[in-house]
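I opened this entry to keep track of what I looked up, in the order I did so. The sequence and model come next.

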Amino acid sequence: MSRRPSLARLLATVLVAVLAALTASAGPASADALSDRRKAAEQQAAANQKAHDQLAASLEDINANLAQAVLDLQTVEQRLPEAQTELLDAQATLERSQREAAIIAARLQDAKDQETAIGTTIAADAGKSAQIRVAIGQMAREAYKGGGGVSSVSIVLDAQSTEDFIQQYGLVSTALRTQSQSLDALRQIEAQDRNNAARLVAIRERVTELKAAADQKVVEADQARQAAADRKAEIEQLVTQQAEKKATIETEKAATEAEQARIDAEAAQVAAELAQIIAAQRAALEAAAKAKGKKVAPAGPIGNSLFANPTSVNPIYVTSEYGMRMHPILHYVRLHAGIDLRTYCNTPIYAGRAGTVQWAQMRFGFGNQVMVDHGFVNGNSLMSSYNHMTSFVVHAGQQVNQGTLLGYSGNTGTSGGCHLHFEVYVNGATVNPRPLLGL
């Protein structure tokens with residue numbers, strides 16, 4: 001039996017087709033865009049880590065508060081684009097979940113419409129079946145009242161005339177056809193009922209599946225909505241932190257500029273002290289040579305690889321090189337008079353070469369500093385200093401061998417993090433320690 005589809009079912013079918021087409025056309029492109037954004041974010045994260053390491057190395061010899069503020073600002077500014085990408089991902093996931101939820105809702109409505117239609121058909125067929133059964137029963141009762149079956153012989157014998165015979169025969173034939181048709185209709189309805197019952201079971205299972213899928217999409221949409229809200233809140237917090245860190249940096253700049261002036265003055269003081277020590281040592285050498293009727297030989301090249309690794313970190317890892325460099329915050333060029341070696345807080349620090357401890361004391365910019373005099377090498381005064389140590393275990397005048405424990409690395413003085421600032425002085429002036437360490 002054909003039925004005209006309801007308006008709701010027709011609209012649901014059209015909506016399913018339209019949304020499915022939209023999802024099919026927009027899905028791959030959207031997925032590709034998200035994949036590209038994720039890949040770009042991963043590459044940016046790697047670049048950010050490298051930039052962070054480089055910045056941290058360049059900040060090792062500046063005010064710790066300023067260094068921390070700069071690193072914090074960089075961390076915030078690195079996180080911002082990542083959080084924005086994650087927000088876009090969450091929003092895309094939410095939109096996709098909402099589209100899929102709409103498709104499932106349309107399919108669920110269609111399934112419910114089919115369930116209702118089949119149920120209505122089964123109910124209607126049940127009514128028809130009951131009516132046919134009543135009619136068949138009535139015919140059986142009438143036949144019983146009339147004395148059972150009717151034969152062609154009885155019709156001939158009972159007929160009063162030819163016309164009566166024709167009329168009775170026609171009535172009997174009509175009754176038999178009606179009974180046969182009723183039985184056929186009943187069988188057909190019963191077959192349709194079995195088929196509809198099976199369809200009803202299947203569609204109800206489908207309704208159950210779609211309800212579960214719809215519930216899952218609600219959960220996914222809620223999770224994506226929460227993720228988007230979290231990322232949005234994080235971005236707002238990062239923007240606030242960014243402004244705060246920039247304000248802190250501006251505040252610390254003035255203090256850092258004053259510190260740099262004091263550090264320069266202290267470096268000049270160290271150079272003056274070394275000059276006096278070297279002058280006294282040369283005078284003593286010249287006096288000893290004169291007493292022997294000899295002259296002091298002119299200075300020559302001192303060579304390379306004169307020092308062993310002064311740290312317990314092996315191999316040696318230089319985080320900041322010797323030489324003129326642009327200050328990362330104050331933006332002026334100044335000499336980085338040594339090299340920074342990677343250590344951790346309280347890493348043992350050793351004498352790179354045998355000598356005499358000139359001093360072990362706290363200095364403003366250098367922090368806890370140990371200065372070791374290695375005497376003259378090919379006519380050149382050679383000294384080395386170990387700076388920013390947490391503590392030292394030697395004292396002025398103490399003789400040390402290569403590898404003697406001097407103290408432990410730290411973050412004292414003008415330092416942005418635990419490390420060893422290692423300097424080498426030749427004739428009282430700093431030189432690049434790299435070749436002297438065999439690097």
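What share of the residues of the protein chain count as buried? I found 34% of the 439 residues. I note here that the model is predicted.

**Overall counts.** I listed the secondary structure and got four helices and 13 strands. I then looked up the surface. The protein chain exposes about 24300 Å², and carbon and sulfur atoms supply 56% of that. For contacts with a separation of 6 or more, I checked how far apart the partners sit in sequence. Residues 24 or more positions apart account for 73% of them.

**The largest nonpolar core.** I pulled up its members and found 26 residues. F307, V370, Y386, L406 and F422 touch the most other members. Strands β4 (339–341), β6 (355–363), β7 (367–377), β8 (380–389) and β12 (420–426) each supply at least two residues. Which strand gives the most to this core? It is β12, with four residues.

**Strand β12.** I went through this strand residue by residue. Seven of its seven residues are buried. L420, F422, V424 and V426 point one way. H421, E423 and Y425 point the other way, and they are buried as well.

Next I looked up the pairing of β12. It runs antiparallel to β4, with three bridges; there D340 has H421 as its bridge partner. With β8 the pairing is also antiparallel, over six bridges. Y386 is matched with F422 in that pair, and both of these residues are on the list of those touching the most other core members.

β13 (residues 429–431) is joined to β12 by three bridges, again antiparallel. Y425 has T430 as its bridge partner. I checked the turn too. The two strands form a hairpin with two residues between them, and N427 in the turn has a positive phi of about 55 degrees.

**The sheet with β11.** I then turned to an open sheet of three strands. Its order is β5-β11-β9, with antiparallel pairing. Which strands are at the edges? They are β5 (348–350) and β9 (391–392), each pairing on one side only. Three bridges join β5 to β11 (residues 405–408), and P348 has Y408 as its partner.

**L406.** Last, I looked up the contacts of L406, leaving aside neighbours within four places in sequence. Its partners include I349 and Y350. They also include V370 and Y386, two residues named above for touching the most other core members. F392 is another partner, as are A351, V372, M389, V393, V394 and V400.

Key:
Residues numbered from 1 in each chain as written. Predicted model: local features only at pLDDT ≥ 70, side-chain atom pairs only at ≥ 80, totals over all residues. Heavy atoms only, no water. Core = buried A, V, L, I, M, F, W, Y, C linked by side-chain atoms within 4.5 Å. Buried < 20%, exposed > 50% of the residue type's maximum accessible area, 1.4 Å probe, protein only. Contact = heavy atoms within 4.5 Å. Areas by Shrake-Rupley, 256 points an atom, 1.4 Å probe, with all protein chains shown as cover. Pairing = 2+ DSSP bridges.
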